[in-house]
Structures are given as structure tokens and as C-alpha cells.
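Me: Pick one part of this model and give me a close look at it. After that, work outwards to whatever else in the fold deserves attention.

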Amino acid sequence: MKLVTYSNNGQPQLAFFIDGMLYDTNAANSQLPASIAQLLQNWETTIDAMKSTHDDIKNGKNPVQGKSFSDAAIMAPVPNPTSCRDGYAFRQHVAAARRNRNVEMIAEFDQYPIFYFTNHNAIQGPGPIPCMPDHFKKLDFELEAAIVICKKGRNIKASEADSYIGGYMIMNDMSARTLQMEEMLLNLGPAKGKDFSTVIGPWLVTPDELEPYKIPAKPNHTGNNYNLKMTCKVNGIQVSEGNVGDMDWTFAEIIERCAYGADILPGDVIGSGTVGTGCFLELNGTGKLNDPNYKEQWLQDGDVVEMEIEGLGHLSNTIVAEKTDWSILNLKKK
């Protein structure tokens, strides 16, 4: 199933996405939840009825009326996650970023997966991304995949962790690099460089839809992995290409670490981390390494960022400058 959340009279409405149309879940079956939050909280008792109702609509056995996806105000599939973590799963990205800074690959990357908590109140879906002046000091995209947790768990082994995944989405972990790099000099963060926008969408894809794409995890790793091409375009020009299958650490292994001595909850969103070539920070560093005259590129007001992952859809956002000159970078003490 592909599940969409859209704004219905100002309220988030859960809908099935089928052949370009949206069908409200609770209109199709009054026993089904009307929101993704309700579904995730009751996943195990509800998911079979969700799939049955979805199939009845698709096969013409349920006459519920639909509405065009293109005419709806699409929100993030999980508009109010209980938390949002972001991983660091792609070795190619980490190794290239470190090479570009003339530092050795960090050995600990291959020992355990890591993550950080980002601002779950800054989650958004397709549409405008409002940015303050300091965000435009090296404003960047990050091409990622993400999952949402569908049942509570604690101390979960990687071998069991895939059963806690309700679905997969595209993620764009927006980054203001000057803010990020300044604050991380203090060995804490990222914080202000990341907390203004994290984009997920356009829909949530349940794991059963990705079965045809399944491939083995990397050697000595545990969990599901998928051959899904990833691309990012800026203003119609492709700047990034990778594959979900290039993840070195699986989502199952990231969940195992997240849940060690801590509860994971329905509605928790977890990102993969940036795919290789998946941000301007890496691309600029590689370009300058190969050509000292390489011209750096960063996101600007009005830029359109389009991400696509095979099986997970197409996510489009437009960068919009807030009408202010307020700068927290100018508030630094001398």
C-alpha cells in the first residue's frame, strides 16, 4: 500500500493512494483509522483490514469516491512523528566527505551504526521550505530514505527489527552548513544547522510493496535491503544518484541500536543518512579536490529540489526566503 496524509478542512486525513487518486481510509471502511497516528498506534490489529480495503478499492469492489492526488494539499505522510532520528548508513558518503577534508576514514563507522535526534516538530511534506538568512550560508539538501516505526519495542535484536517497520519514505534532511560547522566545533550537534526543516514524503510505502526489490544486506550485516535507485534534481538538473541498496548499515541494525535500553514508539521516524553523492557538501568537496577552480553550488531562494526513489515516489520542494534580515550568526560574542 501507498498511504498519503493530506489536509482535509485543516485536519490531517489518511488516504490510500491508488492510480493517482486518494481514497479516505475511514470513508472506504468506517472501522479504519482516519489518521496515520491512529493507524500506527493500532497497527497490528488494523493492518490486515487496511490491506483488504485497499485491495477492494483497487479491484473495483469498493465504490468509495476518490479525489485527485494532484488537487490535494499533501502533507508529510507522518506529519507529527513522536521523534525523528537520522542515521549514518552509507559508507561511500562518509568516506568521500572525510577524504575531501583530507582526514582518514573513521574506523568506528564499520563497528556500529550511529544516529542523532533532529527536530520532529520541523517535519514537512512537499511544498515550500521557508529559510532564514543564515540558512542560506551554504544551504544544502541531503538525499535519504526513511522508515516509520509501527509498534513499541525495547532491546530489539537486528534479526527481529524489520517487523517494527511500518513503511518507507523519501527523506530530505535539509542542512545549513555554516551554522552546522560552527556549532560542531564545540563537539556537540548538529543542532541549528538542521532544525529548521526535514522533509518526508510524498507517501508511506508498506514493506510488502518492496518485496520485488529485495536484495541481500552487505556481508556481515543483518536485515532487509532493497535495490532502489535514488536521484536528486535541482532546477531540473540531476546532481545526485545512488541506491538504497548501498546502505552499509541496515535499518534493522539502526533500530537495534536505537532500541538498546530505550523504547522506540509507533510514529518514530528514522532516516538512513545521506547516500553517496547525496548533498552539495560532498559534491563540492569532490569537485574542488579534482579542480581547484571548481565553483561551489548551494541552494538559493526559488530553487526547486526534486528527489525520487524507485518504488517510493517523487518529492518536490521549493526554497523560499523569509522576508527578514535577522541573523543569529551576527549575535556571536567577540
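Reply: Start with Thr231, whose bridge partner in E18 is Glu241. That bridge belongs to an antiparallel pairing of strand E17 (residues 229–234) with strand E18 (residues 237–243), which runs over 6 bridges. (Two strands pair if DSSP finds at least two bridges between them; strands (E, at least two residues) and helices (H or I, at least four) are DSSP runs numbered from the N terminus.) The two strands make a hairpin with 2 residues between them, and Asn235 in the turn has a positive phi of about 55°.

Keep in mind that this is a predicted model, so local features need pLDDT of at least 70 and side-chain atom pairs pLDDT 80 or more, while totals for chains, interfaces and linings use all residues. Numbering runs from 1 along each chain as its sequence is written, and side-chain values use heavy atoms, without hydrogens or water.

Asn235 has company. Asn9, in the loop between strand E1 (2–8) and strand E2 (11–18), isn't a glycine either, yet has a positive phi of about 55°. Asp19, another non-glycine, has a positive phi of about 55° too, and sits in the loop between E2 and strand E3 (21–24). Asn9 is exposed, with a relative accessible area of 77%, and Asp19 is exposed at 69%. (Exposed is over 50% relative accessible area, buried under 20%, partly exposed in between, with a 1.4 Å probe and protein chains only.) Asn102, just after H4, takes a positive phi of about 60°.

While we're on backbone oddities, a cis peptide bond joins Gly189 and Pro190, with omega about 5°; Pro190 is in the loop between H6 and strand E14 (198–205). Another cis bond joins Gly201 and Pro202, with omega about 0°, and Pro202 is in strand E14. For context, most residues other than glycine have a negative phi, and most peptide bonds are trans.

H4 takes us to the largest pocket, with about 1100 Å³ of space. It has 41 lining residues, and the closest to its centre are Tyr88, Arg101, Gln180, Met181 and Leu281. Elements giving two or more residues to the lining include helix H4 (91–100), helix H6 (177–184) and helix H8 (280–290). H8 gives the most, with 6 residues. H8 also helps cover the buried residues of H4, among them His93, Val94 and Arg98. By class, the pocket lining has 18 nonpolar, 10 polar and 13 charged residues. (Ala, Val, Leu, Ile, Met, Phe, Trp, Tyr, Cys and Pro are nonpolar, Asp, Glu, Lys and Arg charged, the others, Gly among them, polar.)

A search of the whole structure also finds 1 cavity of 30 Å³ or more, holding about 40 Å³. Its lining includes Tyr168, Asn224, Val244 and Phe251, and divides into 5 nonpolar, 3 polar and no charged residues. (On a 1 Å grid over the protein atoms alone, a cavity is a set of points where a 1.4 Å probe fits but cannot get out; a pocket is an open set with protein on both sides within 12 Å along at least five of seven lines; lining residues have an atom within 4 Å of a point. Points join across faces, edges and corners, and volume is the space filled by probe spheres set on them.)

Zooming out, the protein has 8 helices and 22 strands, and 51% of its 334 residues count as buried.

Conventions
Contact = heavy atoms within 4.5 Å.
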